[in-house]
Each structure stands twice: as C-alpha cells, then as structure tokens.
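Here's a quick tour of one protein chain, from the way two helices meet to the overall build. Have the 3D view open and follow along.

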Amino acid sequence: MSARRKLIAGNWKMNGLKADGLALASDLAGRLKGAGPVAFDMLVCPPFPLLFPVGEAITDSPLALGGQDCAPKTSGAHTGDVAPTMLTDAGCRYVILGHSERRADHGESDAVVKAKAAAALAEGLVAIICVGETEAQRDAGQADAVVAGQLAGSIPEGATADNTVIAYEPVWAIGTGKTATPGDVKAMHAHIRAELDGRIADAAKVRILYGGSVKPGNAAELMAVENVDGALVGGASLKAEDFWGIASAC
Ligand code: PEP
C-alpha cells in the first residue's frame, strides 16, 4: 500500500462560463462534504476568469483550486500573462504547467516550463509538471527518452515531493478516448520514478499522476497500477458525476 495519497485533478481547459463553473465546483464540494473522510485529494483547475468566484464558492471545502498555467515572472509589463501571486490571491494551491496543449499551442519549451515552475514554487504553489510523448515518438521507441528529457529540462531547483507533482500524459491519449495500457503505464511510471531519483528531493514520495482519457469506466484499473498516484482528467472532469466516479475508484 502506497503512502502517497492520491490526487484527482480536473483540468477544465477552456470550458465553462461562471454559472457552469460554480455549479460544478459546488456539486463536487457538496459530494466531498457528504462523503466524510476520503482516500484522495481532489483539485479543480478552472479557466483564469473563474478562479475567484469558484475559489470563493469552495472556501470551506477540502476541494482544492489550481490554475492551468502561470507566468515565469512576478509582475510587470507582460500583457495577457498571469503571475503566480495572482493565483494564490484567488485561493489556488496548485498550478498545472507544461501541459502538452500549451507546449503545442504556445511553443512552450522545457526551459519555459522550468522557469514557470520555479516561479510557482517561489510563490508557494504546488507545480503539476506535465510530460508525455507523441504517438510518433512512442511508435519510434522514443517514449522513455522523450519523457526523461522533459523531466530533466522542466523540473526546477528546489523541487520536492511536497511542492511538485508529475503528470504523465501521453499526448496521443489526451481527449482521444485512447488510454495507455496498464502495462505501459506501469512501465512509464516506474521509469519516471527512477528518473526523479537524484533530481528531486524525496523522489519516492513524489506523486505521479496519469492523464489521458481517464473515465469512470477505466479509472479503477488505472489507479491500481503501481506508481500511479492519481489522475489528471480533462473531459471527464466537466461532469461532477464522472469526476466523482473517477475519484471514487481510488
Ligand atoms: C488533459 O487535458 O490533461 C487530459 C488528460 O484530457 P482528457 O482526460 O480529456 O484526455
């Protein structure tokens, strides 16, 4: 039995308006309250404009709040960017960094992800650093090397098991309905754990999430895999019943 408490994180991406976000977060907060002690931490990461209202709606709940990105700077002339301190001001404890959609849509390199993670840690946020190979890279037998390179390039100085979470998200499994097999997930998570050793304090205690088309129907199988310490969930985090179903599989 792992000593690592599972983290079930919802990445709402660019979905939902204020009323949707409030309804979803309040529903989850109510379920958490009604459930009593649970075996997992639950986190929602709404779009930036929803952080303050959602944060206020869940103040008295164990449901945690996170951003989907942050700037590598603390303030200043950076139009469109959001500083880590603005996330904590809204009640965030976590921030997702280096998601493959940001790496692809905004050309974020490992160095950029590392700078953002360093800024997040300096602000006291927990950085959820995303890594994962494309289908072509997996087919070419490069998955382990790609992920090792992303870890080496994206994890900042000062990362510990308390302030850093790794999310393994094979790019080809995100939003596609395809999931990695439990065997592939087991092998990759073991590889990630080994790569963390020496790179991050208390590597054995770092939570490593799996992400990529996690649903209530496949969550139990995936969450039972060795070294899988939770899930980063996109599409299925937008319905309270589905997201709760995934968490309940822990
Ligand atoms: C994600 O965006 O991090 C993700 C895993 O999406 P989905 O669950 O929809 O595949």
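When we describe how two helices lie, angles under 35 degrees count as roughly parallel, over 145 as roughly antiparallel, 65 to 115 as roughly perpendicular, and the rest as oblique. Keep in mind that what you're looking at is a predicted model.

Now find helix α5, residues 110–122, and helix α7, residues 143–154. Their axes come within 7 Å of each other and cross at roughly 45°. That's why α5 and α7 are called oblique to each other. As for handedness, the crossing of α5 past α7 is right-handed. On the α5 side, the contact is made by Asp110, Ala111, Val113, Lys114 and Ala117, while α7 brings in Gln150, Gly153 and Ser154.

Next, the ligand. It has 13 residues around it, and the closest are Ile174, Gly175, Gly211, Gly234 and Gly235.

What kinds of residues make up these two places? Here they are by class:

| Place | Nonpolar residues | Polar residues | Charged residues |
|---|---|---|---|
| Contact of α5 with α7 | three | three | two |
| Shell around the ligand | five | seven | one |

Finally, zoom out to the whole chain. Its secondary structure adds up to 10 helices and eight strands. The radius of gyration is 17 Å, and the globule rule gives 18 Å for 250 residues; the two are close, so the chain is as compact as a globular protein of that length. Taken along the principal axes, the box filled by the C-alpha atoms is roughly 45 × 45 × 30 Å.

Definitions and conventions:
Residues numbered from 1 in each chain as written. Predicted model: local features only at pLDDT ≥ 70, side-chain atom pairs only at ≥ 80, totals over all residues. Near = placed C-beta within 6 Å. Nonpolar A, V, L, I, M, F, W, Y, C, P; charged D, E, K, R; others polar. Axes fitted to C-alpha atoms, helices over the stretch in contact; angles between N-to-C directions. Helix = DSSP H or I, 4+ residues; strand = E, 2+ residues; numbered from the N terminus. Left-handed = near helix turned anticlockwise from the far one by under 90°. Contact = placed C-beta atoms within 7 Å. Rg over C-alpha atoms; globule rule 2.2 N^0.38 Å.
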